[in-house]
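Below are some notes for a reader who is opening this entry for the first time. They go point by point and can be read beside the coordinates.

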Amino acid sequence: MQTTKPVPGAEIPLEGAVNFRELGGYPAAEGRRVRYGLLYRGGNLDALQSPADHAVLESWHLAEILDLRSEGEWQKHPDPMVPGAQYRRVCAMRMADGSEMDFSSTGIERLAAEKAAFEKAAGHPVHDYDWFSVLYRQMPFGNPAYHALFALLEQHRAPLLFHCTCGKDRTGIAAMLILLALGATRQTALQDYLLTNVYRREIIEASLRGKSPEERRLLLSVEGVDEAMGAGAIDEILVRYPSYEAYFREEYGLDAARLAALRNFYLE
């Protein structure tokens with residue numbers, strides 16, 4: 001009896017967390033689709049405390065877990081050991097000097113200093129929204145976490161789970177880059193990115209309750225994601241390169257043959 005596959009981007013039901021899903025089923029290059037059961041995305045794994053959640057996690061038979069958080073975030077919420085899975089952590093957001101951008105409570109002071117330096121360079125106060133919009137546009141370039149991710153993809157270290165704290169920003173950009181590499185359209189990549197606002201709707205609405213429309217626009221990305229930010233990250237690629245293929249070739253060494261091999265493994 002054939003098992004019905006989930007709709008692409010469907011949330012994986014868990015007791016302790018939201019916004020866990022996989023990339024399987026999305027349309028990609030040459031009319032093919034991303035294979036199910038290979039590429040998972042999510043947030044903090046220590047939120048998965050119940051036996052049922054552990055059973056779901058183990059049912060993925062993960063070969064690799066890539067943690068995109070800072071050391072400070074990892075120390076406060078360390079990932080549990082998952083049988084059979086190799087674990088590695090490479091922070092996906094960096095300060096101007098290349099050090100990890102730490103979103104834990106212990107990293108707030110350093111973040112404030114980093115923003116102050118950005119405002120000094122800009123010559124005027126800058127809202128967090130505008131600062132993070134600039135950071136987003138920098139994320140696809142020279143990012144050691146995404147270089148580690150694509151190395152794992154080429155090594156066929158799948159099933160692979162990549163995650164950050166909420167599974168929305170660092171994870172969201174990573175998912176869009178994977179989908180673009182596999183030949184998905186910009187629209188498909190953004191569609192997956194924006195599903196965070198569906199699966200975190202209650203959390204988002206609680207955080208924005210009583211805010212004005214303008215405040216809601218500027219604060220949405222705190223607990224959700226902002227379409228302009230996500231689009232800005234992947235559209236910056238086409239500002240710097242003539243095509244996504246050129247970007248993957250220059251940034252990750254994925255020439256035509258290696259990109260085709262990647263697609264042959266992850267697509268059906």
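1. Which residue lies over the face of Phe 141? The residue is Arg 240, and its distance from the ring centre is 3.8 Å. A second case of this kind involves Arg 217, whose charged end sits over the ring of Tyr 129, 5.3 Å from the centre of that ring. Please keep in mind for these and the following points that the model is predicted.

2. On the overall form: the chain has 268 residues and a radius of gyration of 18 Å, which agrees with the value near 18 Å for a compact globule with that number of residues. Along the principal axes, the C-alpha atoms fill a box of roughly 60 × 45 × 35 Å. The secondary structure consists of 13 helices and five strands.

3. On burial and surface: 50% of the 268 residues count as buried. The exposed area of the chain is about 12500 Å², and carbon and sulfur atoms supply 54% of that area. Where contacts between residues at least 6 apart in sequence are considered, 66% join residues at least 24 apart.

4. On the aromatic rings: the model has 11 aromatic pairs. One of them joins Phe 150 and Phe 248, with ring centres 5.6 Å apart; the planes meet at 50 degrees, so the pair is tilted, because an angle from 30 to 60 degrees is neither stacked nor edge-to-face. This pair links distant parts of the chain, since Phe 150 belongs to helix α5 (residues 144-154) and Phe 248 to helix α12 (residues 244-252), 98 residues apart. Phe 150 is buried at 3% relative accessibility, and Phe 248 is buried at 1%.

5. Phe 248 also pairs with Tyr 247, this time edge-to-face, at 4.9 Å centre to centre and with 65 degrees between the planes. Both Tyr 247 and Phe 248 are buried. Ring pairs join these two residues with Phe 141, Phe 150, Tyr 241 and Tyr 252 into a cluster. Phe 141, a member of this cluster, is the ring under Arg 240 in point 1.

6. What do the buried residues of α12 pack against? They pack against α5, α6, α7, α11 and α13. The buried residues in α12 are Tyr 244, Ala 246, Tyr 247, Phe 248, Glu 251 and Tyr 252. Just after this helix, Gly 253 has a positive phi of about 75 degrees.

7. On the nonpolar cores: in soluble globular proteins, nonpolar side chains tend to be buried together. Here the largest nonpolar core has 68 residues, and Leu 39 and Tyr 146 have the most contacts inside it. Elements that give two or more residues to this core include α4 (128-138), β5 (160-163), α7 (186-194), α11 (227-240) and α13 (256-266). The most comes from α6, with nine residues.

8. Which residues does Tyr 146 contact, leaving aside its neighbours within four places in sequence? They are Leu 68, Ala 92, Met 139, Arg 170, Ile 173, Ala 174, Leu 177 and Tyr 252. Tyr 252 is also a member of the ring cluster in point 5. Apart from the largest core, a second, separate core has 13 residues, among them Phe 20, Leu 57, Leu 62 and Ile 65.

9. On Thr 188: this residue is in helix α7 and is buried, with a relative accessible area of 9%. Beyond its neighbours within four places in sequence, Thr 188 is in contact with Tyr 26, Pro 27 and Leu 179.

10. On the backbone: most residues other than glycine have a negative phi, and most peptide bonds are trans. The bond from Ala 158 to Pro 159 is cis, with omega near 5 degrees. Pro 159 lies in the loop between α5 and β5, and His 156 is found in the loop between α5 and β5 as well. His 156 has a positive phi, near 60 degrees, and is partly exposed at 38% relative accessibility.

11. Is Asn 19, another residue to check for its backbone, buried or exposed? Asn 19 is buried, at 0% relative accessibility. Its phi is positive, about 70 degrees, although Asn 19 is not a glycine. Asn 19 is placed in the segment before β1 (21-22).

Methods
Residues numbered from 1 in each chain as written. Predicted model: local features only at pLDDT ≥ 70, side-chain atom pairs only at ≥ 80, totals over all residues. Heavy atoms only, no water. Phe/Tyr/Trp six-rings, centres within 6.5 Å; stacked < 30°, edge-to-face > 60°. Helix = DSSP H or I, 4+ residues; strand = E, 2+ residues; numbered from the N terminus. Buried < 20%, exposed > 50% of the residue type's maximum accessible area, 1.4 Å probe, protein only. Lys NZ or Arg CZ within 6 Å of the ring centre and 35° of its normal. Core = buried A, V, L, I, M, F, W, Y, C linked by side-chain atoms within 4.5 Å. Contact = heavy atoms within 4.5 Å. Rg over C-alpha atoms; globule rule 2.2 N^0.38 Å. Areas by Shrake-Rupley, 256 points an atom, 1.4 Å probe, with all protein chains shown as cover.
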